[in-house]
Amino acid sequence: IVKNSFVGAKYFPESHKSAEKFFAGEPTQAEKDKVFTEQGWFKGPDGKLRREISPTAMFNAFRDVLTEHFGDRSTGDAIDLYAGDTIKINLGDIMKAASARMYAAYGKDLGDVHVQIGVYGDVGPLGSYDYKEKQIVIDPLAVAQQLAVRATGKKDVIAAKASGQITDKQIVDLVVSTFMHEFQHAIQRAEGFEGGGNLLAA
């Protein structure tokens, strides 16, 4: 499950300016550690400053989207989460539901990105972000198959669920976490961080 998110100057413009001045002064490692602990700022391998924030608001906003589109199935019988039609959701709407600050920071760059939840399977990529196509793709079937393979060595989701080796909650949580993983890539691209490309979800 995604446990943190990293943003930059577009999310915290004033704080970012202060952090730039701090890091320009060649602080000691102890001073850097203190700033990270107290403020969340650190310098990435690309030299860009990042700040850690809680992913909870976006995590919950996307879970609410699943509930809206799939009803109780998104928290109940998750088999239906990946047995239906492909749907597309506007990322801007998810950001607005999460927080006004999130949308203010990234609405211009990412507001027209579509989140597509589709059914592909064969334990392929769990998700991807394609900035050229302005699209995040999430594959719930691949998510469920991966969990089944981890638990049983086989991609038979039905058997893994029937035996209790994987649960509906695990499937839904990993679908949401996969979205957060790809949303982080989108933020990286918007902020100019390295690594904001079309990568596979881990």
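Is the crossing of α6 and α8 left-handed or right-handed? Keep that question in mind as you turn the structure around; point 4 comes back to it. Please remember throughout that this is a predicted model.

1. A good place to start is the sheet of three strands. It is open, its strands follow the order β1-β3-β2, and the pairing is antiparallel. The edges belong to β1 (5-7) and β2 (41-43); each has a single partner strand, so one side of each is left without a neighbour in the sheet. On average, and with direction ignored, neighbouring strands here are turned by 40° against each other.

2. Now look more closely at one pair in that sheet. Three bridges join β2 to β3 (residues 49-53), and the two strands pair in the antiparallel sense. To find your bearings, pick out Phe42, whose bridge partner in β3 is Arg50. Helix α1 (residues 13-24) lies across β2 and β3, and α1 runs at about 50° to β2.

3. The other sheet to visit has four strands. This one is also open, with the order β4-β5-β7-β6, but its pairing is mixed. Here β4 and β6 (127-130) stand at the edges with a single partner strand each, so one side of each has no neighbour in the sheet. The average turn between neighbouring strands of this sheet, direction ignored, is 20°. Helix α4 (residues 91-98) packs on the sheet and touches β4, β5 and β7, its direction making about 55° with that of β4. You can see the mixed pairing by following β5 (residues 114-117). With β4 (residues 87-90), β5 pairs in the antiparallel sense over four bridges, and Asn90 stands opposite His114. With β7 (residues 135-138), β5 pairs in the parallel sense, again over four bridges, and there Gln116 stands opposite Val137.

4. Back to the opening question. Helix α6 (residues 140-152) and helix α8 (residues 168-191) pack with their axes 9 Å apart, at an angle of about 125°. That angle makes α6 oblique to α8. The crossing of the two helices is right-handed. On the α6 side the contact is made by Pro140, Val143, Ala144, Gln146 and Leu147, and on the α8 side by Gln170, Ile171, Leu174, Val175 and Thr178. Sorted by class, the residues of this contact are seven nonpolar, three polar and no charged.

5. Helix α8 has a further packing partner worth a look. The axes of α5 and α8 are 10 Å apart, and the two helices meet at an angle of about 80°. They are therefore roughly perpendicular to each other. From α5, Met102, Tyr106, Asp109 and Leu110 meet Phe183, Ala186, Ile187, Ala190 and Glu191 of α8. This contact holds seven nonpolar, no polar and two charged residues.

6. Which side chain does Asp109 meet in a salt bridge? The partner is Lys10, with 2.7 Å from N to O. The pair links distant parts of the chain, since Asp109 sits in α5 (residues 100-110) and Lys10 in the loop between β1 and α1, 99 residues apart. Across the whole structure, a search finds seven salt bridges. Asp109 is thus a handy residue to select in your viewer: it belongs to the α5 contact with α8 and to the salt bridge with Lys10.

Note on methods: Residues are numbered from 1 along each chain as its sequence is written. This is a predicted model: local features need pLDDT of at least 70, side-chain atom pairs count only at pLDDT 80 or more; totals for chains, interfaces and linings use all residues. Side-chain values use heavy atoms; hydrogens and water are left out. Two strands pair if DSSP finds at least two bridges between them. Axes are lines fitted to C-alpha atoms, for helices over the stretch in contact, and angles run from 0 to 180 degrees between N-to-C directions. Contact means heavy atoms within 4.5 Å. Angles under 35 degrees count as roughly parallel, over 145 as roughly antiparallel, 65 to 115 as roughly perpendicular and the rest as oblique. A crossing is left-handed if the near helix is turned anticlockwise from the far one by less than a right angle, and right-handed if clockwise. Ala, Val, Leu, Ile, Met, Phe, Trp, Tyr, Cys and Pro count as nonpolar, Asp, Glu, Lys and Arg as charged, and the others, Gly among them, as polar. A salt bridge is a side-chain nitrogen of Lys or Arg within 4 Å of a carboxyl oxygen of Asp or Glu.
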